Amino acid sequence: MASRTTHPVLDTRTLNRATLARQLLLSRAETSAADAVGHLLGLQAQNVKPPYYQLHARLARFRPVELAGLMESREVVRMVTMRSTIHAHTVHDALTLRPLVQPARDREVNHFRKGLAGVDLDRLAERARAFVESEPRTMAEIRGELLRHWPDADPQSLSVAARCRLPLVQVTPRGVWGRSGQVRLTTLEEWVGGRPAGEAAEQSVDDVVLRYLGAFGPASVKDMQVWAGLTRLREAFERLRPGLAVFRDENGVELFDLPDAPRPDARTPAPPRFLPEFDNLLLSHADRSRVVPPEVKGRTWTGNQAHCTLLVDGFVAGLWKAEEGNGVTVELFREVPAAWREEIVAEGELMISAMAGSGGEPGRGSVRFGPIRG
């Protein structure tokens, strides 16, 4: 094995351009929404609209109705997976990634054991499964049902246990563009036609490592652990090491990558992109400086509220907020050349045109520069 000190060094701008290329953010991809959701290993979907904005920033001619149709046809589902947060996944990934992160969900339940004294978790899972598979239920209804069987348990702890022990999906119309609906849950197996989780060709940890590198690389072991909310992934990387390209960042951290993955020149132009809150680009590395400059760290949040972010020259350079009347307000963290401002306005107007109309019809609105009020 070659000495790790001989590995080539990738500077921050080179890492930035490589990651943007994997994330389909250097130029919009000519691919379908379904293929993009699969390539990205899911879209952060804590809120309803962000998955649609994530795809608009990445795909040519994307319209919200495309992803909405995938959700209504049950080809894409919204459920808790990585980092115990809601993601929109293809059915294949939902069936295979959820078992991969199940150990982390089991550990999460352990934090609530005090409120679950006397509760048989296997029996709880059986009761909850039968209840939600009879018809989709709200979390309040699930909690109420479980309290009938364990009246002395902590209600929140019962909710957490049900969410962690079962692969629960949020059923439509929740999550569908232009529609609204209460959060109602059933099991993944029930929603997609009875296929049990794990029946699909099981993805090994090694397979997911390779897919993660294809979407987020070059990356360290710790980077992937942050993305997945898992630990102990070093073994998988070591098994794969002989077939991977290995680099170091400017701090000496070892980075792995697919040998043939794109690593564009650091001088490659990166157009402005409007990203929604919780975009996985900003959440999937231990060291986020490849996208978030140190001087703006912490400025993408106010309290516990995440802001929508603006990439300029590939890096977070400001915030944006949709306003009434389909307008968009942009707050830049620093002055930028006039030509870049023109590009920001053009990109913002493109987003408004594609996204502002309900049901996917084009909207109209303007882009203005000013402060974002938290």
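In this predicted model, the residues lining the second largest pocket comprise 10 nonpolar, five polar and five charged residues. The lining consists of 20 residues, and those nearest the centre of the pocket are Leu282, Arg288, Val292, Thr300 and Trp301. The volume of this second largest pocket is about 310 Å³.

Two open sheets were examined, beginning with the one that contains strand S1. This sheet is built from five strands in the order S1-S3-S2-S4-S5, with antiparallel pairing. Strand S1 (43-44) and strand S5 (185-187) occupy the edges; each has a single partner strand, so one side of each lacks a neighbour in the sheet. Helix H5 (residues 91-110) packs on the sheet and touches strand S2 (76-80) and strand S3 (86-90). The direction of H5 makes about 140 degrees with that of S3.

The pairings can be followed across this sheet from S1. S1 and S3 run antiparallel and are joined by two bridges, and glutamine 44 has histidine 87 as its bridge partner in S3. Between S2 and S3, also an antiparallel pair, there are five bridges. Here valine 77 is placed opposite histidine 89 of S3. S2 and S3 form a hairpin with five residues between the strands, in which arginine 83 adopts a positive phi near 60 degrees. At the other edge, strand S4 (residues 168-170) is joined to S5 by three bridges, and the two strands run antiparallel. Valine 169 has threonine 186 as its bridge partner in S5.

Strand S3 was considered further with respect to burial. Five of the five residues of S3 are buried, so this strand is largely enclosed by the rest of the structure. In a regular strand the side chains alternate between the two faces of the sheet. In S3, Ile86, Ala88 and Thr90 point one way, while His87 and His89 point the other way, and all are buried. Threonine 90, which lies in strand S3, has a relative accessible area of 14% and is therefore classed as buried, the cut-off being under 20%. Apart from neighbours within four places in sequence, threonine 90 contacts Ala34, Val37, Gly38, Glu75 and Val76.

The other sheet is also open and has five strands, arranged in the order S8-S11-S12-S13-S14 with mixed pairing. Its edge strands, S8 and strand S14 (367-369), each pair on one side only. Disregarding direction, neighbouring strands of this sheet are turned by 30 degrees against each other on average. Helix H13 (residues 338-355) lies across S8, S11, S12, S13 and S14, and runs at about 140 degrees to S14.

Within this sheet, strand S8 (residues 273-275) and S11 run antiparallel and are connected by three bridges. Leucine 275 has threonine 309 as its bridge partner in S11. S11 is further joined to strand S12 (residues 315-322) by five bridges, again in antiparallel orientation, with cysteine 308 opposite tryptophan 320 of S12. Two residues separate S11 and S12 in the hairpin that they form, and aspartate 313 in the turn has a positive phi of about 55 degrees. A parallel pairing is found between strand S13 (residues 328-332) and S14, which are joined by three bridges. In this pair threonine 329 stands opposite arginine 368 of S14.

Burial was also assessed for strand S11 (residues 308-312), which is mostly covered, with five of its five residues buried. Cys308, Leu310 and Val312 lie on one side of S11 and Thr309 and Leu311 on the other; all are buried, and both faces of the strand are thus covered.

Contacts were also examined for glutamine 225, a residue of helix H11 (residues 221-228). Outside its neighbours within four places in sequence, glutamine 225 is in contact with Leu230, Thr231, Arg232, Leu233 and Arg234. The C-alpha atom of glutamine 225 is separated by 8.2 Å from that of alanine 286, although the two residues are 61 residues apart along the chain.

Terms used
Residues are numbered from 1 along each chain as its sequence is written. This is a predicted model: local features need pLDDT of at least 70, side-chain atom pairs count only at pLDDT 80 or more; totals for chains, interfaces and linings use all residues. Side-chain values use heavy atoms; hydrogens and water are left out. On a 1 Å grid over the protein atoms alone, a cavity is a set of points where a 1.4 Å probe fits but cannot get out, and a pocket is an open set with protein on both sides within 12 Å along at least five of seven lines; lining residues have an atom within 4 Å of a point. Grid points are joined across faces, edges and corners, and a volume is the space filled by probe spheres set on the points. Ala, Val, Leu, Ile, Met, Phe, Trp, Tyr, Cys and Pro count as nonpolar, Asp, Glu, Lys and Arg as charged, and the others, Gly among them, as polar. Two strands pair if DSSP finds at least two bridges between them. Helices (H or I, at least four residues) and strands (E, at least two) are DSSP runs, numbered from the N terminus. Contact means heavy atoms within 4.5 Å. Axes are lines fitted to C-alpha atoms, for helices over the stretch in contact, and angles run from 0 to 180 degrees between N-to-C directions. Buried means under 20% relative accessible area, exposed over 50%, partly exposed in between (1.4 Å probe, protein chains only).
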